[in-house]
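User: Please take a close look at the cysteines in this model, and set them in the context of the whole chain.

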Amino acid sequence: MPITASTPDANTKAVAYLRVGVGVLFLMFGEYKVFGTQFTLGGGFQGWINRFLTDGAYPFMVPVLRGFVLPHGTAIAFLVAYGELAIGLALVLGLVVRAASICGIVYMLALLFASNYPGPGAAPWQYFGASLSHSVLALCFAAFVMGRPADALSVRPFLRRGSGASGPTSA
């Protein structure tokens with residue numbers, strides 16, 4: 001079968017599967033935070049920030065965490081919860097993927113610098129090793145920003161059909 005404008009190639013499909021997988025993770029991360037109260041209203045968010053401060057935030061992040069994040073903890077907890085849910089929905093549905101991915105990069109970098117400091121005497125490779133839980137997702141988001149991850153496995157063709165917009169209608 002020849003590849004046409006409406007037939008995604010293998011790379012497009014692979015990136016789309018990765019996009020959906022990352023989106024499902026973020027749906028799970030956000031779901032328990034949005035639909036429960038422990039993270040947002042029960043001090044869960046503040047507990048994580050205090051753990052970051054104890055276990056190793058980058059030195060330049062410590063005053064930000066103590067002076068801004070903790071005093072506004074409840075509001076930021078809601079921003080985190082709904083932000084994770086929104087990123088997950090956008091990625092799973094294939095809608096506003098670039099915008100959601102840019103937000104995802106910013107969020108992953110904030111988490112990386114708030115929690116993955118290996119210490120002042122660490123070898124350079126240890127900085128990368130300590131950051132894997134956040135840097136890998138940041139790289140996924142970067143790929144979604146640079147590529148065309150919504151060209152497959154997206155609800156966009158169905159929305160176009162329903163609105164009567166022109167353009168390719170097959171996924």
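Before that, among contacts in the protein chain between residues at least 6 apart in sequence, what percentage join residues at least 24 apart? And where do the cysteines stand with respect to disulfides?

Analyst: This is a predicted model, and in its protein chain 73% of the contacts between residues at least 6 apart in sequence join residues at least 24 apart. One pair that is distant in sequence is Phe29 and Leu85, which are 56 residues apart along the chain while their C-alpha atoms lie 7.3 Å from each other; Phe29 itself belongs to helix H1, residues 10-35, and is partly exposed because its relative accessibility is 31%. The chain as a whole contains eight helices and zero strands, its C-alpha trace spans about 55 × 40 × 20 Å along the principal axes, and 37% of its 171 residues count as buried.

Turning to the cysteines, a disulfide is a covalent bond between the sulfur atoms of two cysteines, and a search of the whole structure finds zero of them. For Cys103 the closest cysteine sulfur is that of Cys140, and because the separation is 16 Å, the two are too far apart for a bond, given that a disulfide requires sulfur atoms within 2.5 Å. The surroundings of each residue can be described as well: Cys103 counts as partly exposed because its relative accessibility is 46%, whereas Cys140, at 12% relative accessibility, counts as buried, the cut-off for buried being under 20%.

Notes. Residues are numbered from 1 along each chain as its sequence is written. This is a predicted model: local features need pLDDT of at least 70, side-chain atom pairs count only at pLDDT 80 or more; totals for chains, interfaces and linings use all residues. Side-chain values use heavy atoms; hydrogens and water are left out. Helices (H or I, at least four residues) and strands (E, at least two) are DSSP runs, numbered from the N terminus. Buried means under 20% relative accessible area, exposed over 50%, partly exposed in between (1.4 Å probe, protein chains only). Contact means heavy atoms within 4.5 Å.
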